[in-house]
Amino acid sequence: MTYNFIDNAIASATSPPPFDIPCLHFMEAGLALAHSQISKGPVKPKFSGMLCGIYLLEEKIEGGNGAFTKYIHNMDYEPMMSAGMNGYDIVEFLVFTQHIQYCKTGGLSIISDYQGSRMLLTDPQILTDLLVFSVGSGADVFSKGNLESTVTLFEKHHECNWFCKWPGFGLKQFGSLVTSGHESSAL
Ligand SMILES: [Zn+2]
């Protein structure tokens, strides 16, 4: 959804944005089922025997522990690194993706707890207010990491950066540095 929004906005703009769009993705994951090789007949069926193991497989994050970075904590709106640090372009882009998610879901939800290694992300947290928006019929569908206030206070605390402010995206601006004269049209 986020990249569709970005791609459509850039395709419709009269000029390209003055920055590159990082190409990030969440790691691929899947289940592997292991079956025993025991079979009574002369021909072994493809999946003979009993199920003896179930494994969760995830795409490997290369580079070791030093390559792993926490970009945005699930109770914060700001990058967990300072300007100029390696990866700051990534974290600013992720702050911008939260703005897109907030607008495209009508203020319902954002992704946070962004972390990973450069282009590969893992272990995100969906943030939404289950009570206000009647999500999940009262069930705790997004675990204890779902800090509702991060979504409900998004407009007050999110600080738009250079990605958000590019006119081609047409995003309503949020943050302490925004004045009414600088606001563009809302989605
Ligand atoms: Zn913004």
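Buried, on this tour, means under 20% relative accessible area, exposed means over 50%, and partly exposed is whatever falls in between. Keep that cut-off handy, because Asp113 sits at 11% relative accessibility and so counts as buried. One more thing before you start clicking: this is a predicted model.

**Whole chain**

Colour by secondary structure first. You should find four helices and eight strands, in the order α-β-β-β-β-α-β-β-β-β-α-α from the N terminus on. Now switch to a surface view. The chain has about 11200 Å² of accessible surface, and carbon and sulfur atoms hold 57% of that. Of its 187 residues, 36% count as buried. If you like contact maps, look away from the diagonal: among contacts with a separation of 6 or more, 51% join residues 24 or more positions apart.

**Stop 1: α1 against α2**

Select residues 2-12, helix α1, together with residues 88-104, helix α2. Their axes come within 9 Å and cross at roughly 95°, so the two helices are roughly perpendicular to each other. Turn on side chains for the contact. From α1, pick Thr2, Tyr3, Phe5 and Ile6; from α2, pick Phe93, Phe96, Thr97, Ile100, Gln101 and Lys104. Sorted by class, that selection gives six nonpolar, three polar and one charged residues.

**Stop 2: the rings**

Stay with the side chains and keep just the aromatics. How many aromatic pairs does the count come to? It comes to 15. Start with Tyr3 and Phe93: the ring centres are 5.9 Å apart and the planes meet at 35°, so this pair is tilted. Tyr3 belongs to α1 and Phe93 to α2, so the pair ties together parts 90 residues apart in sequence. Is Phe93 buried or exposed? Phe93 is buried, at 1% relative accessibility, while Tyr3 is partly exposed at 27%.

Next, move over to Phe26 and Tyr114. Here the ring centres are 6.3 Å apart with the planes at 10°, so this pair is stacked. It links distant parts of the chain, 88 residues apart: Phe26 is in strand β1 (residues 25-26), and Tyr114 is in the loop between β5 and β6 (115-117). Phe26 counts as partly exposed at 33% relative accessibility, whereas Tyr114, at 3%, is buried.

To finish with the aromatics, select Tyr3, Phe5, Phe19, Phe93, Phe96, Trp162, Phe163, Trp166 and Phe169. Ring pairs link these residues into a cluster. Tyr3, Phe5, Phe93 and Phe96 should look familiar, since they also take part in the contact of α1 with α2.

**Stop 3: Ser112 and Asp113**

Go to Ser112, in strand β5 (residues 109-112). With 0% relative accessibility, Ser112 counts as buried. What is Ser112 in contact with, once neighbours within four places in sequence are set aside? Show Ile72, His73, Asn74, Asp76, Gln98, Pro124, Gln125 and Leu127, and you have the list.

Then step along to Asp113, in the loop between β5 and β6. This is the buried residue from the opening, at 11%. Check its backbone torsions: phi is positive, about 60°, although Asp113 is not a glycine. For context, most residues other than glycine have a negative phi.

**Stop 4: Arg118**

Arg118 is another one for your Ramachandran plot. It has a positive phi of about 50° and is not a glycine either. Look for it in the loop between β6 and β7 (120-121). Arg118 has a relative accessible area of 32%, so it counts as partly exposed.

**Stop 5: two alanines**

Select Ala29, in strand β2 (residues 29-35). Its relative accessible area is 55%, so Ala29 is exposed. Leaving out residues up to four places away in sequence, Ala29 touches Leu57 and Glu58. Put a distance label on the C-alpha atoms of Ala29 and Glu59 too: they are 6.3 Å apart, with these positions 30 residues apart along the chain.

Last comes Ala13, in the loop between α1 and β1. Ala13 is partly exposed, with 24% relative accessibility. Which distance separates Ala13 and Phe169, C-alpha to C-alpha? The label should read 8.4 Å, for two residues 156 apart in sequence. Phe169 is one of the rings in the aromatic cluster you selected at the second stop.

Conventions: Residues numbered from 1 in each chain as written. Predicted model: local features only at pLDDT ≥ 70, side-chain atom pairs only at ≥ 80, totals over all residues. Heavy atoms only, no water. Buried < 20%, exposed > 50% of the residue type's maximum accessible area, 1.4 Å probe, protein only. Contact = heavy atoms within 4.5 Å. Areas by Shrake-Rupley, 256 points an atom, 1.4 Å probe, with all protein chains shown as cover. Axes fitted to C-alpha atoms, helices over the stretch in contact; angles between N-to-C directions. Parallel < 35°, antiparallel > 145°, perpendicular 65-115°, else oblique. Nonpolar A, V, L, I, M, F, W, Y, C, P; charged D, E, K, R; others polar. Phe/Tyr/Trp six-rings, centres within 6.5 Å; stacked < 30°, edge-to-face > 60°.
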